[in-house]
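Q: Hey, got a minute to walk me through this one? I'd like to get the layout first and then poke at some side chains.

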Amino acid sequence: YSLAIIINEYIEKEKLPINCKIFGTDIDEFSLNNAINGVYSESDLHSVKFAIFKKYFQRSENQYVIDPVIREMVSFSMDNLLNERTKSPVESIFGGFDMVFCRNVLIYMNAETQSKVIKKLYRSMNENAFLVLGESEVIPHHFQTRINREVNFCKIYKKSDQ
């Protein structure tokens, strides 16, 4: 939802006719159910800027619910990145992603497993799509001709058209 809020703020500011759809996955069912519900305690939202809090969260008893506009922008699915039988999350059909965020996931894997995950992500991305990794993560060497670093100050890569 954080990403959806940021994108929505930009779309509104620039008055862009963009329909953005965000697809989030996790392997943990409990985490997924919490995300799908979009319900948060006050302590969950303590670091949210007041203007964002007021605009995108409605109080419901002792909890806060994400705004329906933002909720519509996001869908969730269970996915195991290590499942070699799937190219991309089942609910996404064939992938076709313009941007993939895989932050602080690869650091828990060995080099061989990282390579398999990057291959899976690569196949799910559209041509010229972006891949965003965590600061400690790197693209395996044999992918560096197909995924190029776009900026030096953070780990944003672009799928090349090779």
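**Chat notes**

A: Sure, and let's start with an odd spot: Asn-128 sits in strand E7. Keep in mind that this is a predicted model.

Q: What's the phi of Asn-128?
A: Near 65°, which is a positive value in a residue other than glycine. Asn-128 counts as partly exposed, at 36% relative accessibility.

Q: Which other residue that is not a glycine has a positive phi?
A: Lys-15, with a phi of about 55°. Lys-15 is found in the loop between H1 and E1.

Q: Is Lys-15 buried or exposed?
A: Exposed, with a relative accessibility of 72%.

Q: OK, zooming out. How many helices and strands are there?
A: The protein chain has five helices and nine strands. In sequence order the pattern goes α-β-α-β-α-β-β-α-β-β-α-β-β-β.

Q: And what box do the C-alpha atoms fill?
A: Roughly 50 × 35 × 30 Å, taken along the principal axes.

Q: How much of the chain is buried?
A: Of the 162 residues, 36% are buried. As for contacts, take those between residues at least 6 apart in sequence: 62% of them join residues at least 24 apart.

Q: Let's talk charges. How many salt bridges does the structure hold?
A: Three. One of them pairs the side chains of Glu-9 and Lys-55, at 2.8 Å from N to O.

Q: Where do Glu-9 and Lys-55 lie?
A: Glu-9 is in helix H1, residues 2-14, and Lys-55 is in helix H3, residues 50-56, so this pair ties together parts that are 46 residues apart in sequence. Glu-9 is partly exposed, with 29% relative accessible area, and Lys-55 is partly exposed too, with 35%.

Q: What else does Lys-55 form a salt bridge with?
A: Glu-12, where the closest N and O atoms are 2.5 Å apart. That pair also links distant parts of the chain, since Lys-55 is in helix H3 and Glu-12 in helix H1, 43 residues apart. Glu-12 has a relative accessibility of 41%, so Glu-12 counts as partly exposed.

Q: And which residue pairs with Lys-116?
A: Glu-112, with the closest N and O atoms 3.5 Å apart. Both Lys-116 and Glu-112 lie in helix H5, residues 111-124, four residues apart, or about one turn of the helix.

Q: Why would a four-residue gap suit a helix?
A: An α-helix has 3.6 residues a turn, so residues three or four places apart point the same way.

Q: How exposed is Glu-112?
A: Glu-112 is exposed, at 53% relative accessible area, while Lys-116 is partly exposed, at 39%.

Q: Which residues do shared partners join into one network?
A: Glu-9, Glu-12 and Lys-55, through salt bridges that share partners.

Q: Sticking with H5, what span should its 14 residues have?
A: At 1.5 Å a residue H5 should span 20 Å, and its end C-alpha atoms are 20 Å apart, which agrees.

Q: Which residues of H5 are buried?
A: Thr-113, Gln-114, Ser-115, Val-117, Ile-118, Lys-120, Leu-121, Tyr-122 and Ser-124. What covers them includes E6, strand E7 (125-133), strand E8 (147-149) and strand E9 (156-159).

Q: New topic, pockets. What's the volume of the largest one?
A: About 1600 Å³. The largest pocket is lined by 48 residues, and the closest to its centre are Ile-22, Phe-23, Gly-24, Thr-25 and Phe-101.

Q: Which elements give two or more residues to that lining?
A: They are H1, strand E1 (22-26), helix H2 (29-37), strand E5 (74-78), strand E6 (97-102) and H5.

Q: How does the lining of the largest pocket split by class?
A: It has 31 nonpolar, nine polar and eight charged residues.

Q: What about the second largest pocket, what's its volume?
A: About 160 Å³. Its lining includes Leu-81, Leu-82, Asn-83, Glu-84 and Lys-116.

Q: And how does that lining divide up by class?
A: The second largest pocket has three nonpolar, three polar and five charged residues in its lining.

Conventions
Residues are numbered from 1 along each chain as its sequence is written. This is a predicted model: local features need pLDDT of at least 70, side-chain atom pairs count only at pLDDT 80 or more; totals for chains, interfaces and linings use all residues. Side-chain values use heavy atoms; hydrogens and water are left out. A salt bridge is a side-chain nitrogen of Lys or Arg within 4 Å of a carboxyl oxygen of Asp or Glu. Buried means under 20% relative accessible area, exposed over 50%, partly exposed in between (1.4 Å probe, protein chains only). On a 1 Å grid over the protein atoms alone, a cavity is a set of points where a 1.4 Å probe fits but cannot get out, and a pocket is an open set with protein on both sides within 12 Å along at least five of seven lines; lining residues have an atom within 4 Å of a point. Grid points are joined across faces, edges and corners, and a volume is the space filled by probe spheres set on the points. Ala, Val, Leu, Ile, Met, Phe, Trp, Tyr, Cys and Pro count as nonpolar, Asp, Glu, Lys and Arg as charged, and the others, Gly among them, as polar. The expected span of a helix is 1.5 Å times one less than its number of residues. Contact means heavy atoms within 4.5 Å.
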